[in-house]
Amino acid sequence: MNKLARILLIILPVFLAGYAAWCFIPCQPQRSYPVPNETKLLEFSPAGNYVITFQRNEGRLTLLRTDTGEVAYSAEIPYLVADNVSGGFRAFYGLSSDDRWLAVCRGSPDDSQLVIVHLDASNMATTVTGLPPNPSSYYPSPAFSSDGRYLTYCIQTAGGQKHTVFYDISGQHEQLRVPGAFSSLGPPTREGKWFFLGKERFECWDVVQKHFDDRFPPWTQHAIMSIALSPDEHAIRALCFVEARLFPPPPLLSASTVGLMSSPLGQGPFLAASALIPGRTPFPKERIFLNCCDLKTRTIETAWEYSFPPSAHLFLNGIASDPANFLLIKTLDDEGNVVQELLDVNSGKVLVRYAQPISMLEEVSYSYMGQTLPNNMGAGLIHALGRTGEIGIDSERRVLVSKQVNRDPILWRHFGKQLSWLGIKQGPPVLFLQFHSAETGKLLERVSLHTPYTAFRCVLAVHPSQPLLAVIDEQTTGSQLQFWYLPPPKPWGWIIGCAVAGGGCVALLRIGFSKLRSRDKPAATAATASIAS
């Protein structure tokens, strides 16, 4: 019995110390590199070899190597940045799918050029064209073709008319210039068809024959969230939605309400448009659906449709993340409880249902009329879910990354008045980085960031093929570009070390106590003998 007690006396502290370390020692990033202050993370490059950042105070675009954090390329871009603007940067650069080529607008707003940089050849640059003043007014949006042989970009004439140019990289000349076009659905297809979105319908140009090819029937009148060519280039797919509003819809769709949506895969494949549903009833059936226009038959069909319960009210947050490969949707189950579903945009299938919706900072929807919803709203809230933005999901669909703010710490929640009487002030909101299982919705880890809480400032970027997350943490000692493994592993070194230290401390205390007892035992025996004599 005494032997078992001795064993338990050592093993129990080992488990207690290890469990305490498991609970209180936070996970650490896989690696981190210092970056200048006021640096904004934009995204991973298409192949994941670089992380792209923008330094606000210098207007400088920088490519950092993912494996080493070293600067691979840096240039000043002619973009006038406002303090409250978080997008627009990606309209000034584009990378090829293999990360070999970079097309970037560099220089000042009054004197800038569009150049192609060969990243594998010591950043050798070739000038494509000089840009008219103030590129922020027409967004060049350079993008490479899938084979890397051609480049597309937008330019503005002296008269203010926008043109989209198809440029032959090897021949170093313009292949085609489309006047009046500003919103293409990406570079031309492999068959040489180049699609544009007009005011009311799609238009197609033949880049081989260099002439206008065809005009499509009028597109759907429903609100369009995103639009792109299908991977096989046989159809145009538009993610649409219908929502009920208590105020009249905006006027007809015009150029001022349409713009290219930033995409980690290049500028152009995604288009964001204001919601317009002329002549609809005040309370239509709220739903979201995918319309496909077959390029051969010119027919439009609905590939899938997702409907909401009558009590749910649709609110779409299309800027939560891009590209919108998935949708995170709050809805109701059969018993009327709020649940959350993960929907695949390509197939329209619900991949998983979370019985408990994920609590995250992105519980706010900014509509086209400027509506702001309160946190923890019920069924109907939809978040676009991709690799870059306020939330993100990895390529293997295992981990969902988001942010959360602790505005009311537990100490202040219960003892706020007493702490105020003592003159203690509550600190600023704490921003947390949290990792949920994409399969179950279970919270895996939550770590605090030093970045001050500012909406749409701390960007999360997930690697296109590896379980890796990039985020910039603005610490007091300087900003750090952090790379987190998904999901982040526990700090096993610290946990094992604490467990061994806990067991070792108890063992040393026991040895010291035993020696002290053995030292005092002869003296006690002698004293007893003298008394007996």
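F54, Y79, F89, F92 and Y139 come together in one aromatic cluster. The structure is a predicted model, in which local features need pLDDT of at least 70 and side-chain atom pairs count only at pLDDT 80 or more, while totals for chains, interfaces and linings use all residues. Residues are numbered from 1 along each chain as its sequence is written, and side-chain values use heavy atoms, with hydrogens and water left out.

Across the whole structure, a search returns 12 aromatic pairs (rings of Phe, Tyr and Trp, the last by its six-membered ring, with centres within 6.5 Å; planes under 30 degrees apart count as stacked, over 60 as edge-to-face and the rest as tilted). One of them joins F44 and F483, a tilted pair with 6.3 Å from centre to centre and 50° between the planes. This contact links distant parts of the chain, as F44 belongs to strand β2 (residues 39-44) and F483 to strand β36 (residues 478-485), 439 residues apart (strands are DSSP runs of E, at least two residues, numbered from the N terminus). F44 is buried, at a relative accessible area of 0%, and F483 is likewise buried at 0% (buried means under 20% relative accessible area, with a 1.4 Å probe and protein chains only).

W194 and F196 also form a tilted pair, with ring centres 4.7 Å apart and planes at 50°; both W194 and F196 are buried.

Charged side chains join the picture too. R31 lies over the face of F483, 4.8 Å from the ring centre (for Arg, CZ within 6 Å of the ring centre and within 35 degrees of the ring normal). R446 is placed over the face of F432, at 6.0 Å from the ring centre.

Note on methods: Helices (H or I, at least four residues) and strands (E, at least two) are DSSP runs, numbered from the N terminus. Buried means under 20% relative accessible area, exposed over 50%, partly exposed in between (1.4 Å probe, protein chains only).
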